[in-house]
Amino acid sequence: MATVAPAELVRIAGSFHSTPARDNRNRTRATAAVGVPAAYLVVTGLAVAVVASGHLTPDRLNARPAEPSWLLAAIGIGVALVAAEYTLGAVPQLVRGARSLRLSVQAPAGPGQLVSILLTAMAEELLYRGLWIGTLEQGLHLPTWLAICCAAVGYALGHLFFGGIAVLQKSLSGVVYGLLLIASGSLLAPVLAHLGQNLTVHALAVRQGRCR
């Protein structure tokens, strides 16, 4: 949990303020652009150092080259995950009787946020796929499928701030990223998938902002 909490705490801390609405939005954007990726990068670095101090270097952290076909597939899978998460999020609305659904992207769209989501995606894959799965397999000797599921849940809990549906959505994505890691044999595949997903969401956020 020590690897999950920091980003959540940064988001929560950024939501407590008593300033005008415009300043609130600016502070939220600053938190998303600077605070969250900084928290993930620091925690990832510390986690790697702690694991290394125990003389354990998870093989899953190895970013060796994968087959080009895997890398191309990973980008496509990342884009497809946007649709999969949207579909999963739409289920409760349909159950409640909603007759029409509208895609609403809850993500800032500025250039600073673009750099932020790219850094966060890489840090999350190093942490949850490379480090979590590798450590659970080699350190605790868990079966690979269970290590993938545990890492996916840990990754999903890092999005608890956005609600229960977001946790379910990110659990799905986390499992897919883990499967990509195992199938391709390279951490580059889930990294590219995650980048593809985040870039798609960013593009949708930009488009949504223009439509408003």
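**Salt bridges in the predicted model**

Glu-125 and Arg-129 sit four residues apart in helix H4, a spacing of about one turn of the helix. In this predicted model, their side chains meet in a salt bridge with an N to O distance of 2.7 Å. Glu-125 and Arg-129 are both buried. This pair is a handy starting point, as the structure holds three salt bridges, and the other two pairs are described below.

Helix H4, which spans residues 111–138, also contributes Glu-137 to a pairing with Arg-60, a residue of the loop between helix H2 (21–53) and helix H3 (68–95); the pair therefore ties together parts that are 77 residues apart in sequence. Here the side chains of Arg-60 and Glu-137 form a salt bridge at 2.8 Å, N to O. Neither end is left in the open, since both Arg-60 and Glu-137 fall under 20% relative accessible area and so count as buried.

Turning to helix H3, the side chain of Glu-85 meets that of Lys-170 in a salt bridge of 3.2 Å, again given from N to O. This pair too links distant parts of the chain, with Glu-85 in helix H3 and Lys-170 in helix H6 (residues 164–184), 85 residues apart. How accessible are the two partners? Glu-85 counts as buried because its relative accessibility is 9%, and Lys-170, with a relative accessible area of 14%, is buried as well.

Methods:
Residues numbered from 1 in each chain as written. Predicted model: local features only at pLDDT ≥ 70, side-chain atom pairs only at ≥ 80, totals over all residues. Heavy atoms only, no water. Salt bridge = Lys/Arg side-chain N within 4 Å of Asp/Glu carboxyl O. Helix = DSSP H or I, 4+ residues; strand = E, 2+ residues; numbered from the N terminus. Buried < 20%, exposed > 50% of the residue type's maximum accessible area, 1.4 Å probe, protein only.
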